[in-house]
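Biologist: I would like a close look at one small part of this chain and how it fits in with its surroundings. Could you take me through it step by step?

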Amino acid sequence: MSARLDRIQTRLVETFKPVSCLLNDDSAAHAGHAGAASGAGHFSLRIVSEKFEGLNRISRHRLVYDAVGDMMHSEIHALVIVALAPSEMPT
């Protein structure tokens, strides 16, 4: 795991105490993209946490962006988010 991926993952785990947190670095697929020129990465996230219970999708995304806000544009160029509550997980 890259140091940047590890920093993002650590921040998410500390903030959300998730049941599940899958963070992928998709930067290689975006090589040559204008946003990649700055060195910031492209990531996809699937996170399941009690903190998302009762919240709509926009509120959930805001919480995630708040958690990594200082990393946006310097380490994170793009972040695709799927944020779920445990009650939304199949049994």
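Biologist: Let's start with Arg-11: what is its relative accessible area, and does that make it buried, partly exposed or exposed?

Modeller: Happy to! Keep in mind that this is a predicted model. Arg-11 has a relative accessible area of 25%, so this residue is partly exposed.

Now look at what the side chain of Arg-11 does. It meets the side chain of Asp-70 in a salt bridge, with N and O 2.6 Å apart. Arg-11 sits in helix 1, whereas Asp-70 belongs to the loop between helix 2 and strand 3, so this pair ties together parts of the chain that are 59 residues apart in sequence. As for Asp-70, its relative accessibility is 56%, so it counts as exposed. Here is the general idea behind such pairs: side chains of opposite charge can pair when their charged atoms come close.

Helix 1 also reaches that loop through Arg-7. Its salt bridge partner is Glu-75, and the closest N and O atoms are 2.4 Å apart. Once again distant parts of the chain are linked: Arg-7 is in helix 1, Glu-75 is in the loop between helix 2 and strand 3, and 68 residues separate them. Arg-7 counts as partly exposed, at 41% relative accessibility, whereas Glu-75, at 18%, counts as buried.

The loop between helix 2 and strand 3 also holds Met-71. With a relative accessible area of 3%, and the cut-off for buried being under 20%, Met-71 is buried. What does Met-71 touch, leaving out residues up to four places away in sequence? The list is Arg-7, Ile-8, Arg-11 and Ile-76. Notice that Arg-7 and Arg-11, the two salt-bridge residues of helix 1, are both on it. Met-71 can also be placed relative to Ala-40: the two are 31 residues apart in sequence, and their C-alpha atoms are 9.0 Å apart in space.

Let's step back to helix 1 itself. It has 14 residues, residues 3–16, and at 1.5 Å a residue they should span 20 Å; the end C-alpha atoms are 20 Å apart, which agrees. The buried residues of this helix are Leu-5, Ile-8, Gln-9, Leu-12 and Phe-16. Looking down the axis of helix 1, you would see these buried residues fall within an arc of 100°, so they line one face of the helix. A general rule helps to picture that: an α-helix has 3.6 residues a turn, so residues three or four places apart point the same way.

What covers that buried face? The cover includes strand 1 (20–25), strand 2 (41–48), helix 2 (57–68) and strand 3 (76–84). Leu-12 gives you a good view of this. Setting aside neighbours within four places in sequence, its contacts are Lys-17, Pro-18, Cys-21, Leu-45, Ile-47, Val-64 and Val-68. Leu-12 also belongs to the largest nonpolar core, which has 20 residues, and is one of those with the most contacts inside it, along with Leu-45 and Leu-79. Helix 1, strand 1, strand 2, helix 2 and strand 3 each give two or more residues to this core.

Two of the contacts of Leu-12, Val-64 and Val-68, bring us to helix 2. Its buried residues are Arg-60, His-61, Val-64, Ala-67 and Val-68. Seen down the axis of helix 2, they fall within an arc of 120°, so these residues too line one face of their helix. That face packs against helix 1, strand 2 and strand 3. On the other side of helix 2, Ile-58, Arg-62 and Asp-66 are exposed.

To finish, let's fit this part into the chain. It has 2 helices and 3 strands, and read along the sequence they follow the pattern α-β-β-α-β. Of the 91 residues in the chain, 36% are buried. Among contacts with a separation of 6 or more, 67% come from residues 24 or more positions apart. The pair you asked about, Arg-11 and Asp-70, is an example of a link between distant parts, at 59 residues apart.

Note on methods:
Residues are numbered from 1 along each chain as its sequence is written. This is a predicted model: local features need pLDDT of at least 70, side-chain atom pairs count only at pLDDT 80 or more; totals for chains, interfaces and linings use all residues. Side-chain values use heavy atoms; hydrogens and water are left out. Helices (H or I, at least four residues) and strands (E, at least two) are DSSP runs, numbered from the N terminus. The expected span of a helix is 1.5 Å times one less than its number of residues. Buried means under 20% relative accessible area, exposed over 50%, partly exposed in between (1.4 Å probe, protein chains only). The arc is that of the directions from the helix axis to the C-beta atoms. Contact means heavy atoms within 4.5 Å. A salt bridge is a side-chain nitrogen of Lys or Arg within 4 Å of a carboxyl oxygen of Asp or Glu. A nonpolar core is a set of buried Ala, Val, Leu, Ile, Met, Phe, Trp, Tyr and Cys residues joined through side-chain atoms within 4.5 Å.
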